[in-house]
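Please look at the chain slowly, turning it a few times before reading on. The paragraphs below go from one helix to the overall outline, and then to the finer details.

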Amino acid sequence: MPLHDMENDSLKRCSKCKKEKLVDEFRGKNQTCNECCEKKKQYRENNQEKIKEYTNEYRQKAYTCPLCNIEIKTHRKALHEKSLGHQYYLQQFNKNEAPRKPDKIDTTGGITSYYCFACKCATSPNSWGAHCMSHID
Ligand SMILES: [Zn+2]
Ligand SMILES: [Zn+2]
Ligand SMILES: [Zn+2]
């Protein structure tokens, strides 16, 4: 057997530390040496809380209120559900009535504004529900 083949057989380059190590230093078909695997494991254990927090934060970005159809952060959900706007949509939903529609939607410059002709005013979509509340006696 030629020498270089023997070398290839007994040495393996770790994909993490890029060092050539004996195959004994690798567990099974791992491309990462045991030392690096251990470090990774330790890092993960030490950072588990941080990773959890990060994942939570990430998830918080994805909550959409099904009633208001607006995106809110999960940690603001309770706050949002107490808001006037949400109360309006909830009330309409419970009454089985469609929420009031804006008389005009303007998207000039990428900013959406909802117009109410009765009040001659414009609000952001997020404040529309709260505005509609003022139309209910
Ligand atoms: Zn390594
Ligand atoms: Zn809502
Ligand atoms: Zn109005």
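How far does helix α2 (residues 34-46) reach from its first C-alpha to its last? In this predicted model, the 13 residues of α2 span 18 Å between those two atoms, which is close to the 18 Å expected at 1.5 Å a residue. Among these 13 residues the number buried is one, so helix α2 lies largely in the open. It helps to remember, when following any helix by eye, that an α-helix has 3.6 residues a turn, so residues three or four places apart point the same way.

Helix α2 is one part of a longer series, for the chain has six helices and seven strands. Followed along the sequence, these elements come in the pattern α-β-β-α-α-β-β-α-α-β-β-β-α. The overall outline can be described with a few numbers: along its principal axes, the C-alpha trace spans about 90 × 30 × 25 Å. A compact globule of 137 residues would have a radius of gyration near 14 Å, whereas the chain has 29 Å. Of the 137 residues, 9% count as buried. Among contacts with a separation of 6 or more, 24% are accounted for by residues 24 or more positions apart.

The domain assignment adds to this picture, since it gives domain 1 as residues 8-49 and domain 2 as residues 60-133. The centres of domain 1 and domain 2, taken over C-alpha atoms, are separated by 52 Å. Two pairs of residues show such distances at the level of single positions. Glu 81 and Asn 30 are 51 residues apart in sequence, and their C-alpha atoms are 49 Å apart in space. Glu 20 and Phe 93 are 73 residues apart along the chain, and 66 Å separate their C-alpha atoms.

The two glutamates in these pairs can be placed within their own surroundings. Glu 20 is found in strand β2 (residues 20-22), and, leaving aside residues up to four places away in sequence, Glu 20 touches Leu 11 and Arg 13. Is Glu 20 buried, exposed or partly exposed? Because 13 other C-beta atoms lie within 10 Å, Glu 20 is partly exposed. Glu 81, which lies in helix α4 (residues 77-82), is also partly exposed, with 14 other C-beta atoms within 10 Å.

Which residues make up the largest nonpolar core? There are six in all, namely Cys 68, Tyr 88, Tyr 89, Tyr 114, Trp 128 and Cys 132. Helices α5 (84-95) and α6 (125-133) each supply at least two residues of this core. In soluble globular proteins, nonpolar side chains tend to be buried together. Cys 68, one of the core residues, touches Gly 85, His 86, Tyr 89 and Gly 129, not counting residues up to four places away in sequence.

Another member of that core, Tyr 114, leads to the strands. Strand β5 (residues 104-106) and strand β6 (residues 113-116) run antiparallel and are joined by three bridges, and the bridge partner of Ile 105 in β6 is Tyr 114. The hairpin of β5 and β6 has six residues between the strands, and there Gly 109 takes a positive phi near 65°. Strand β6 also pairs with strand β7 (residues 121-123), again in the antiparallel sense and over three bridges, with Tyr 115 standing opposite Ala 122 in β7. In the hairpin of β6 and β7, which has four residues between the strands, Lys 120 takes a positive phi near 55°.

These phi values deserve a short pause. Most residues other than glycine have a negative phi. Asn 69 nevertheless has a positive phi of about 60° although it is not a glycine, and Asn 69 is found in the loop between β3 (63-65) and β4 (70-72). Asn 96, in the loop between α5 and β5, likewise has a positive phi of about 60° without being a glycine. Why do both asparagines count as exposed? A residue is exposed if 12 or fewer other C-beta atoms lie within 10 Å of its own; Asn 69 is exposed because it has 11, and Asn 96 is exposed because it has 6.

Methods
Residues are numbered from 1 along each chain as its sequence is written. Chains are lettered from A and ligands numbered from 1 in the order in which they are written. This is a predicted model: local features need pLDDT of at least 70, side-chain atom pairs count only at pLDDT 80 or more; totals for chains, interfaces and linings use all residues. The radius of gyration is taken over C-alpha atoms; the globule rule is 2.2 Å times the number of residues to the power 0.38. A residue is buried if 20 or more other C-beta atoms lie within 10 Å of its own, exposed if 12 or fewer, and partly exposed in between; C-beta atoms are placed from the backbone. Two residues are in contact if their C-beta atoms, placed from the backbone, lie within 7 Å. The expected span of a helix is 1.5 Å times one less than its number of residues. A nonpolar core is a set of buried Ala, Val, Leu, Ile, Met, Phe, Trp, Tyr and Cys residues joined through C-beta atoms within 7 Å. Domain bounds come from an automatic or database domain assignment. Two strands pair if DSSP finds at least two bridges between them.
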